[in-house]
Amino acid sequence: LANKHPRVNILQPGAGVGGHCIAVDPYFIVSDYPMESKIIGTAREVNNYKSFWCAEKVKNAKLAFELENKRKPNVALMGLAFKPNIDDLRESPAKYIAQKVLQDAQDEQYYICEPNITEHSVFKLTDYKEAIQKADII
């Protein structure tokens with residue numbers, strides 16, 4: 001029953017949960033019924049941590065590349081939306097991951113791609129073909 005919705009596959013793990021519904025609405029239940037909804041609160045904590053975990057994986061890959069190659073890597077971050085083929089970035093775990101990775105940026109080159117939007121107020125977007133061609137880490 002969990003995956004009967006045509007645009008949702010919630011049993012496929014990803015970088016976290018985004019969007020305007022699933023990422024936000026459970027907190028209303030947790031707020032009104034904290035004792036009865038402990039599993040919902042815990043699930044949100046686990047899902048929120050997944051974005052942090054993904055950002056750490058990118059940081060570790062950058063360090064490993066630098067140690068092996070004696071230079072900073074070029075990094076492509078692919079996709080900012082919370083699911084494929086949309087231009088909706090609300091509560092997107094990918095945005096959090098990009099922000100977290102860029103927080104520690106020093107001399108690396110970053111290519112941030114989101115094919116469903118043409119510009120972003122925070123991130124300089126790059127065409128995915130250029131990013132793939134130039135990146136050491138994708």
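# Salt bridges and a helix crossing

Student: What makes E66 and K72 a salt bridge in this predicted model?

Tutor: The closest N and O atoms of E66 and K72 are 3.4 Å apart. The cut-off for a side-chain nitrogen of Lys and a carboxyl oxygen of Glu is within 4 Å, so the pair counts as a salt bridge.

Student: Why is E66 called partly exposed?

Tutor: E66 has 27% relative accessibility, so it counts as partly exposed. Buried would need under 20%, and exposed over 50%. K72 is also partly exposed, with a relative accessible area of 23%.

Student: Which residues are joined into one network by salt bridges that share partners?

Tutor: Those are E56, K59 and D104. Within it, K59 and D104 form a salt bridge with their closest N and O atoms 2.7 Å apart, again inside the cut-off of 4 Å.

Student: Where do K59 and D104 lie in the chain?

Tutor: K59 is in helix 2, while D104 is in the loop between helix 3 and strand 2 (109-113). They are 45 residues apart, so this pair links distant parts of the chain.

Student: Is K59 buried or exposed?

Tutor: K59 is buried, because its relative accessibility is 15% and the limit is under 20%. D104, with a relative accessible area of 39%, is partly exposed.

Student: What makes K62 and E108 a salt bridge?

Tutor: Their closest N and O atoms are 3.6 Å apart, and the rule asks for within 4 Å. K62 sits in helix 2 and E108 in the loop between helix 3 and strand 2, so the bridge ties together parts 46 residues apart in sequence. Both K62 and E108 are buried.

Student: How many salt bridges does this rule give?

Tutor: The count comes to seven salt bridges.

Student: Now the helices. Why is helix 2 called oblique to helix 3?

Tutor: Helix 2 (residues 38-69) and helix 3 (residues 93-103) pack at an angle of about 40 degrees, with axes 9 Å apart. That angle makes helix 2 oblique to helix 3, because roughly parallel would need under 35 degrees and roughly perpendicular 65 to 115. The crossing is right-handed.

Student: Which residues of the two helices make the contact?

Tutor: Helix 2 brings S51, F52, C54, A55, V58, K59 and K62, and helix 3 brings P93, Y96, I97, K100 and V101. By class, these are eight nonpolar, one polar and three charged residues. K59 and K62, listed in this contact, are also the salt-bridge partners of D104 and E108.

Notes: Residues are numbered from 1 along each chain as its sequence is written. This is a predicted model: local features need pLDDT of at least 70, side-chain atom pairs count only at pLDDT 80 or more; totals for chains, interfaces and linings use all residues. Side-chain values use heavy atoms; hydrogens and water are left out. Axes are lines fitted to C-alpha atoms, for helices over the stretch in contact, and angles run from 0 to 180 degrees between N-to-C directions. Helices (H or I, at least four residues) and strands (E, at least two) are DSSP runs, numbered from the N terminus. Angles under 35 degrees count as roughly parallel, over 145 as roughly antiparallel, 65 to 115 as roughly perpendicular and the rest as oblique. A crossing is left-handed if the near helix is turned anticlockwise from the far one by less than a right angle, and right-handed if clockwise. Contact means heavy atoms within 4.5 Å. Ala, Val, Leu, Ile, Met, Phe, Trp, Tyr, Cys and Pro count as nonpolar, Asp, Glu, Lys and Arg as charged, and the others, Gly among them, as polar. Buried means under 20% relative accessible area, exposed over 50%, partly exposed in between (1.4 Å probe, protein chains only).
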